[in-house]
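Student: I want to see how the terms used for a model follow from its values. Can we go through some?

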Amino acid sequence: MKHVLSFSFLIFMALSVFGQSQTNERAKWFADARFGMFIHWGVYSGAEGHWKGEKLRNDNDYAEWIFYRNRIEKDEYLTLLDRFDWDEIDPEEWVILAKKSGMKYVTITAKHHDGFGLWNSKVSNYDLGDYTNPGRDIIKELADACKKHGLKLGLYYSHWLDWEHPFGWDHTMELNPISQEEYDKYWQEKVIPQMRELLTNYGEIGMIWFDMWIDHSQAIVSKEELLQLKNLIRELQPNCLVNSRLGLTIEEDPDIDFKTLGDNQLGDKKEDFPWQSPATVAHSWGFHSSDSQWKSTSTLLKSLINNVSLNGNFMLNIGPRANGDVPFEIQQRMLEMGEWLNVNGESIYGAEAFDLDKDLHDWGKITCRKTENGEKLFLHVFNWPLSKKLYLTGIKAKPEKVYLLADKQKSPLHFSSENVFTEIELPSLQPDPYVSVIVVEYKTKPEIEDGLVAKNQEGGFSLTPGNVYENRDEIQIEKKERGGTIPEHVTIFKPQKFLWKIYVDEPGKKSVDVSYSFQNKNGSGMIKVSAAGGSLVHEVENTGKTVGEANSNWVIDNYKSNPLGALYFADKGFYIVELEVVPAEGESILFQWAWLK
Ligand code: GLC
């Protein structure tokens with residue numbers, strides 16, 4: 001045990017000196033690939049989310065859970081295989097779809113929680129080899145297709161849950177627990193030998209994707225069993241990646257290759273360690289005939305871009321039907337993403353997070369990649385500005401060249417640049433559907449000015465408790481409530497100051513508005529805003545109440561924007577804007593934001 005820990009520690013130390021991130025050599029291809037396909041396909045695909053006329057017993061619509069949710073008997077469950085059309089099923093079609101969609105790897109449910117293997121397993125008789133004639137081995141077929149089309153193959157393997165094996169974990173065992181010894185019997189006679197088969201018979205495996213979404217300390221699986229499994233992978237295929245849903249966190253075992261976020265959970269902070277969001281196009285993973293709330297191509301593409309802008313990957317799922325068909329809505333969206341990536345792939349593959357605050361710009365997300373001596377930035381414009389001007393704030397360097405990624409000629413876009421502010425003139429029509437990408441090239445690695453508030457698309461500065469200049473984490477922001485009718489704010493009981501740093505590129509008079517909620521007498525508190533040597537004082541007024549929804553007894557304290565007057569910014573340059581909120585003794589003011597334009 002001891003040597004395992006010290007080995008992990010050494011690896012951790014080695015990782016900390018890497019670039020993007022703490023990506024180890026093994027995971028390099030993964031961090032470059034950024035976009036992959038998940039395939040949920042198995043016996044459950046024949047049920048299509050229904051059993052004997054009844055819909056799946058769970059609102060999450062996870063059709064691959066029908067065995068467990070609808071309390072189906074193990075043998076009867078396999079009657080669903082009668083619905084499979086083996087002449088039509090061709091895994092190569094899934095791989096071709098992945099390739100056309102710009103995905104670089106494919107991860108299939110070799111064995112999902114139902115315990116049924118999609119290959120011919122010698123150590124179990126609950127697998128395709130035993131139930132097809134002639135025997136089919138979907139893992140082999142998929143492995144061959146991946147090899148042919150140059151994609152990496154990943155295998156999802158449900159290690160913790162296995163509903164068919166008498167000692168595999170099944171949540172009902174929370175009522176009638178099995179012993180650790182019994183569980184280990186399942187582990188040694190099914191998990192370990194099956195993993196050996198999968199890692200021996202199918203050539204190079206890019207990753208094993210485990211699916212235990214809680215830590216091992218809360219589950220029957222022991223850390224020793226997990227390490228045994230991981231060591232087997234390291235022994236048989238030293239280049240194969242292992243995800244954190246093995247049940248060990250990166251903190252506990254830095255030798256895990258990448259972190260898996262929750263289902264459909266997108267990234268929200270930059271991470272230096274490789275990570276990935278597993279995502280669906282609607283809700284279910286396995287095919288579900290009544291699951292039809294499809295996310296749009298634009299939503300999916302922006303999710304991919306969001307993740308890459310924070311150093312993450314996006315693995316998007318298909319749930320083929322029992323005849324192998326991929327639902328049209330999924331295909332269509334994936335192919336549209338592929339077309340976009342065909343033009344704009346340079347901003348995604350091998351690209352990484354740029355050091356500016358992820359929320360600095362209101363028009364979209366930035367990714368970057370190093371060039372020989374400098375850096376290329378990719379500005380993903382989610383919302384083409386009405387003004388046809390794109391403001392880029394926070395970079396202390398003059399771009400070398402600016403052009404549209406979609407423009408093969410790289411015709412230069414006009415821009416002006418001073419200090420930390422660059423203004424780019426956009427063509428009136430955006431070239432791509434969904435999102436267009438502007439490339440900004442720098443000769444050398446540009447320096448960053450931290451802590452700024454950017455000029456937004458309207459040309460103003462939105463000054464909030466969340467984007468103050470320093471010590472952002474120390475401010476107690478109250479979350480929005482009641483569907484956002486009570487917005488984010490800071491409750492202020494005693495005098496409190498907020499400081500923001502802005503860069504003014506257009507000197508002159510700027511007006512100031514402050515939004516807050518106050519329920520006591522007018523004039524019993526004050527707000528003062530100072531910048532550029534001037535200040536404005538405002539006597540706090542009662543903001544009254546508002547109604548959240550008709551006839552539902554829903555009355556909320558109003559947040560109201562108050563004009564304070566104007567401040568004069570004589571020159572271009574950096575300014576600190578200070579806002580002081582001073583409530584009267586025993587009273588509170590709920591500060592929301594200030595607006596400067
Ligand atoms: C969950 C579900 C499962 C699905 C997976 C995908 O853990 O149990 O059905 O395969 O997430 O991320």
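Tutor: Start with residues 23–346. In this predicted model, that span is 32% helix and 13% strand, and its end C-alpha atoms lie 20 Å apart.

Student: What makes residues 23–346 a unit to discuss?

Tutor: A record does. UniProt, in an unreviewed entry, places the feature "domain: Glycoside hydrolase family 29 N-terminal" there.

Student: Why is the ligand's link to His40 called a polar contact?

Tutor: The cut-off is 3.5 Å between N or O atoms. A ligand oxygen is 2.5 Å from an N or O atom in the His40 side chain, so the pair qualifies. Glu64 also has a side-chain N or O atom 2.5 Å from a ligand oxygen. For His112, a polar side-chain atom lies 2.8 Å from an oxygen of the ligand.

Student: How much of the ligand does the protein cover?

Tutor: On its own, the ligand has 310 Å² of accessible area, and the protein covers 98% of that. Around the ligand are 15 residues; among those that come nearest are His113 and Asp263. The shell holds eight nonpolar, three polar and four charged residues.

Student: How do you know that strands E22 and E29 pair?

Tutor: Pairing needs at least two bridges. E22 (residues 496–504) and E29 (residues 573–582) have nine, in the antiparallel sense, so they count as paired. One example: Leu499 has Glu578 in E29 as its bridge partner.

Student: What makes E24 a partner of E29 too?

Tutor: Strand E24 (residues 526–531) has five antiparallel bridges to E29. Two would do, so E24 and E29 pair. There, Lys528 stands opposite Glu580.

Technical notes
Residues are numbered from 1 along each chain as its sequence is written. This is a predicted model: local features need pLDDT of at least 70, side-chain atom pairs count only at pLDDT 80 or more; totals for chains, interfaces and linings use all residues. Side-chain values use heavy atoms; hydrogens and water are left out. A residue is near a molecule or strand if one of its heavy atoms lies within 4 Å of it. A polar contact is a pair of N or O atoms within 3.5 Å; within protein, one must be able to donate a hydrogen and the other to accept it, and residues adjacent in sequence count only if both atoms are side-chain atoms. Accessible areas come from the Shrake-Rupley method with a 1.4 Å probe; for residues, only the protein chains shown count as cover. Ala, Val, Leu, Ile, Met, Phe, Trp, Tyr, Cys and Pro count as nonpolar, Asp, Glu, Lys and Arg as charged, and the others, Gly among them, as polar. UniProt positions are given in the numbering used here, feature names are shortened, and annotations may be inferred rather than shown by experiment. Helices (H or I, at least four residues) and strands (E, at least two) are DSSP runs, numbered from the N terminus.
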